[in-house]
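I opened this structure to make a few notes on confidence, enclosed space, one histidine and the cysteines.

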Amino acid sequence: MHNLSVDSPPRPPALRTALRLSLLLGVGSLVLLVLVAAEWHPLLSADDDIARTTHRWAVADPDVTQLCRILTDWVWDPLTMRLLGAAVAVWLMWRYADWWTAAWLAVTSAVGTLVQQGLKAAVGRERPDWPDPVDSAHYAAYPSGHALTATVMCGLLLWLLHRHGVGPAVWRTAVAVAVVSVAGVGLTRIWLGVHWPSDVLGGWLLGAALVGLAIAVHLRRHP
């Protein structure tokens with residue numbers, strides 16, 4: 001007898017992996033969001049301990065603090081990350097006439113911005129407040145927009161490089177730059193006292209979940 005199940009081909013392994021990873025990271029992000037919104041005491045206590053310690057270091061070491069300001073305001077700033085994504089999108093259209101991937105990159109970046117701004121408004125978490133601040137920031141704290149944007153953009157660009165089959169040296173360099181950027185931007189936000197550690201963790205988790213989902217969407221169209 002004819003088996004109707006063969007009419008729907010199985011999902012390719014890469015697509016299944018991207019979907020599972022996105023789901024796992026999304027669940028982790030949701031759990032952290034609930035804990036932050038519920039003001040779970042152990043989490044708030046850990047946030048406070050780490051933030052106070054790093055703030056003392058930031059006040060005591062102005063040279064490192066100034067370097068963190070430069071990195072977070074110019075190198076890893078969300079606007080810089082979005083401009084990088086826009087440049088890659090233009091290159092994809094010019095070099096490969098790949099309008100779909102360029103639009104996919106732009107839309108994913110825009111979705112990341114909308115998600116983090118929506119969560120900031122919904123959660124309304126206050127930023128750390130210091131009598132001797134070393135930096136300032138606007139809007140609510142959770143999640144960190146810097147951490148989320150860097151994670152989304154670096155994750156998508158790494159996957160595109162892998163997709164296009166770059167050489168080992170380029171790949172290793174790109175991975176190193178991406179890891180340093182994503183980790184570094186989160187650490188600078190904590191060092192400068194404008195985010196709680198869980199804000200940064202939330203940005204990383206949510207950004208990685210969006211990357212996994214975006215990759216799944218791309219693989220669905222271009223296996």
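How many cavities of 30 Å³ or more does a search of the whole structure find? I ran through the whole of this predicted model and found 1 cavity at or above that volume.

**Entry: the cavity.** I noted that about 40 Å³ of space lies in the largest cavity, and I then listed its lining, which consists of R82, S109, G112, T113, L148, T149, V152 and M153. Looking at where these residues come from, I see that α5 (99-123) and α6 (145-163) each supply at least two of them, and that α6 gives the most, with 4 residues. By character, I count the lining of the largest cavity as 3 nonpolar residues, 4 polar ones and 1 charged one.

**Entry: confidence.** I looked up the mean pLDDT of the protein, which is 94, with 95% of the residues reaching 70 or more. Among the elements, I found the lowest mean pLDDT, 95, in helix α1 (residues 13-37), and the highest, 98, in helix α2 (residues 41-60). Residues 1-9 are another matter, for there pLDDT stays under 50, and the model has 1 contact beyond four places in sequence for that stretch. Where pLDDT is low, the predicted coordinates should not be read in detail. I therefore leave the coordinates of such a stretch unread in detail.

**Entry: H218.** Is H218 buried or exposed? I placed H218 in helix α8 (residues 197-221) and wrote it down as buried, because its relative accessible area is 4%, under the 20% cut-off. Setting aside residues up to four places away in sequence, I find that H218 touches W100, T101, W104, W159 and R163.

**Entry: the cysteines.** How many disulfides does the structure hold? I found 0 disulfides, and I wanted to know the reason for C68 and for C154. From the sulfur of C68, the closest cysteine sulfur is the one in C154, 17 Å away, so the two are too far apart for a bond. Starting from C154 instead, I arrive at C68 as the residue with the closest cysteine sulfur, again at 17 Å and too far for a bond, since a disulfide needs the sulfur atoms within 2.5 Å. I also checked accessibility for both residues: C68 counts as buried because its relative accessibility is 9%, and C154 counts as buried at 13%.

Conventions
Residues are numbered from 1 along each chain as its sequence is written. This is a predicted model: local features need pLDDT of at least 70, side-chain atom pairs count only at pLDDT 80 or more; totals for chains, interfaces and linings use all residues. Side-chain values use heavy atoms; hydrogens and water are left out. pLDDT is the predictor's confidence in each residue, from 0 to 100. Helices (H or I, at least four residues) and strands (E, at least two) are DSSP runs, numbered from the N terminus. Contact means heavy atoms within 4.5 Å. Buried means under 20% relative accessible area, exposed over 50%, partly exposed in between (1.4 Å probe, protein chains only). On a 1 Å grid over the protein atoms alone, a cavity is a set of points where a 1.4 Å probe fits but cannot get out, and a pocket is an open set with protein on both sides within 12 Å along at least five of seven lines; lining residues have an atom within 4 Å of a point. Grid points are joined across faces, edges and corners, and a volume is the space filled by probe spheres set on the points. Ala, Val, Leu, Ile, Met, Phe, Trp, Tyr, Cys and Pro count as nonpolar, Asp, Glu, Lys and Arg as charged, and the others, Gly among them, as polar.
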